[in-house]
Protein chains: 2
Amino acid sequence: MAKTRRLDRVRVIAVAADLADERGLEALTLAAVAKELNIRIPSLYNHIDGLAALRREIGLLGLRDLEPQLARAAAGRQGTEALRAVAHAYTLYANAHPGRYLAAQRPASASDPELALAGAAIVDLLRSILKSLGLNARDQIHAVRGFRALIHGFISLQAAGGFGLPVEVEQSLDRALAWFFEGLVLQNRQRPRRNKYRLAIRPKRP
Amino acid sequence: MAKTRRLDRVRVIAVAADLADERGLEALTLAAVAKELNIRIPSLYNHIDGLAALRREIGLLGLRDLEPQLARAAAGRQGTEALRAVAHAYTLYANAHPGRYLAAQRPASASDPELALAGAAIVDLLRSILKSLGLNARDQIHAVRGFRALIHGFISLQAAGGFGLPVEVEQSLDRALAWFFEGLVLQNRQRPRRNKYRLAIRPKRP
DNA sequence: GTATATTAACTAATACAATTAGTTTGTCAA
DNA sequence: TTGACAAACTAATTGTATTAGTTAATATAC
């Protein structure tokens, strides 16, 4: 049972991702992965390029897993209802796969086309929903960023134990999203396709 | 120049925090701190209880530094204007001290009164501002969470390089906050002190 | 002022993680 | 059948945190 070929790159990454989900991304070591696979540490280098690369792969896996789940949640819904369903799927995934999710949030080198592509797929999905709300291109980008930031912020602060008070976090996210959407559709109702609010700290025209 | 007393706990933490800001929290090692202080690694243990404790101290320092800066930004302003100023101070701090800020977001053991207290000071500040908007206690909590999540989400996604498109991130945050506030004040104008929207994925009364 | 206790540095040693180099052994295809 | 390749291995190196035990300088007590 020594030198037979038992592994491939995909399986190594999958096992590592599961470990990251179970024990935390920080606790992910090559030693743990090797032990789980019943091989010696250096053998891992036949499949992956070290620990840093492995973490990147886990993050990439996370992004690629997440997108279709969001798309499925949005299917058959429109506007803010679709966005709420997407938000729900988003937090569901982050709670089910904390290691993969955290790995997906790591600083990526600017020139990483695979990661960029996987991220863009999610952004495109959100933009297409927001377009149906009647937002112009620039506002779509602003809104996508705000939406992602809100969800990610909740997940991140929750993971950090930042919510001490005994009020349901999931409920708070729903309320916050509701307020955000309210502002979105209100502005658009008043002045479609044109920005009314220019609330930069430093005003454009002083 | 051997055994004289040159250090204290505060200075060790401050130097470590500066290193974390400059080179990144991940790159913070006891070796780097010791080198910066011109001592050997084990000597650090006279002042701090290891690397994990040092990171916690840096986070605590971050929280304690942040609160007065937010308070100063809010001073003399009210309502959403105060919140916008606080948000600006928040991102300013996170950009100036990325290491301290990141350390402040680490999962804290549930029973860490110092960290809890430092965090509560910030939450209390935000709640007092939101109270002046006429929100009831429950909505204050929801709004504080949404506000923090939005800001932290932006900072976090920006640090992860998640905003690929060439549109100003600072501007996006301003717009997102504007929409969020719009929803906040709108709801309150319509039905002060009572919730109108109950947008949970699973409705309360089916 | 001297004796004592404490503080804060040190050296030495251990354990563990990641990585690289070089080797061996199955497996597949010509 | 045989030769190239893939994928495991052992061995060794480096860098990390941590603990134990030691020593010198400083502060404090008398």
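A pocket is here an open set of grid points with protein on both sides within 12 Å along at least five of seven lines, and its lining residues have an atom within 4 Å of a point. In this predicted model, the largest pocket is lined by 42 residues, and those nearest its centre are A:Leu102, A:Ser156, B:Glu26, B:Leu102 and B:Ser156. Two or more lining residues are contributed by each of H1, helix H4 (79–96), helix H5 (98–104) and helix H7 (137–159) of chain A, and likewise by helix H1 (9–23), helix H4 (79–96), helix H5 (98–104) and helix H7 (137–159) of chain B. The space within the largest pocket amounts to about 1200 Å³, and its lining divides by class into 21 nonpolar, 14 polar and seven charged residues.

For the second largest pocket, the volume is about 880 Å³. A total of 36 residues line the second largest pocket, with A:Ala108, A:Leu115, B:Ala160, B:Gly161 and B:Gly162 closest to its centre. In chain A, at least two lining residues are supplied by each of H3, H5, helix H6 (113–131) and H7, and the largest share, eight residues, is that of H6(A). The lining of the second largest pocket comprises 21 nonpolar, seven polar and eight charged residues.

Enclosed space was examined alongside the pockets. Four cavities of 30 Å³ or more are counted, and the largest cavity has a volume of about 70 Å³. The lining of the largest cavity is made up of A:Thr91, A:Asn95, A:Phe154, A:Ile155, A:Gln158, A:Val169, A:Glu170 and A:Leu173, with H4, H7 and helix H8 (169–190) of chain A each giving two or more of these residues. By class, the residues around the largest cavity are four nonpolar, three polar and one charged.

The relation between the two chains was considered next. Chain A can be superposed on chain B with an RMSD of 0.0 Å by a turn of 180° combined with a shift of 0.0 Å along the axis, and the two copies are therefore related as by a two-fold rotation axis. Both copies use the same surface, in that 100% of the contact residues of chain A recur in chain B.

Helix H7 takes part in a contact between the chains. H7(A) and H7(B) pack at an angle of about 105°, and their axes are 6 Å apart; because angles of 65 to 115 degrees count as roughly perpendicular, H7(A) is roughly perpendicular to H7(B). On the side of H7(A), the residues that meet H7(B) are A:Arg145, A:Gly146, A:Arg148, A:Ala149, A:Leu150, A:His152, A:Gly153, A:Phe154, A:Ser156 and A:Leu157, and on the side of H7(B) they are B:Arg145, B:Gly146, B:Arg148, B:Ala149, B:Leu150, B:His152, B:Gly153, B:Phe154, B:Ser156 and B:Leu157. In this contact of H7(A) with H7(B), eight residues are nonpolar, eight are polar and four are charged. Among the participants, A:Ser156 and B:Ser156 are also listed with the residues nearest the centre of the largest pocket, while A:Phe154 belongs to the lining of the largest cavity.

Within chain A, helix H1 (residues 9–23) packs against helix H3 (residues 51–74) at an angle of about 85°, with 9 Å between their axes, and H1(A) is thus roughly perpendicular to H3(A). The residues of H1(A) in this contact are A:Arg9, A:Ile13, A:Ala16, A:Ala17 and A:Ala20, which meet A:Leu54, A:Glu57, A:Ile58 and A:Leu61 of H3(A). The contact of H1(A) with H3(A) has seven nonpolar residues and two charged ones, with no polar residue.

The segment before H1 of chain A contains A:Leu7. Apart from its neighbours within four places in sequence, A:Leu7 is in contact with A:Val12, A:Leu37, A:Ile39 and A:His47. The last of these partners, A:His47, lies 40 residues from A:Leu7 along the chain, and the C-alpha atoms of the two residues are separated by 8.4 Å.

How values were computed. Residues are numbered from 1 along each chain as its sequence is written. Chains are lettered from A and ligands numbered from 1 in the order in which they are written. This is a predicted model: local features need pLDDT of at least 70, side-chain atom pairs count only at pLDDT 80 or more; totals for chains, interfaces and linings use all residues. Side-chain values use heavy atoms; hydrogens and water are left out. Axes are lines fitted to C-alpha atoms, for helices over the stretch in contact, and angles run from 0 to 180 degrees between N-to-C directions. Helices (H or I, at least four residues) and strands (E, at least two) are DSSP runs, numbered from the N terminus. Angles under 35 degrees count as roughly parallel, over 145 as roughly antiparallel, 65 to 115 as roughly perpendicular and the rest as oblique. Contact means heavy atoms within 4.5 Å. Ala, Val, Leu, Ile, Met, Phe, Trp, Tyr, Cys and Pro count as nonpolar, Asp, Glu, Lys and Arg as charged, and the others, Gly among them, as polar. On a 1 Å grid over the protein atoms alone, a cavity is a set of points where a 1.4 Å probe fits but cannot get out, and a pocket is an open set with protein on both sides within 12 Å along at least five of seven lines; lining residues have an atom within 4 Å of a point. Grid points are joined across faces, edges and corners, and a volume is the space filled by probe spheres set on the points. Copies are superposed by least squares on the C-alpha atoms of residues with pLDDT of at least 70 in both.
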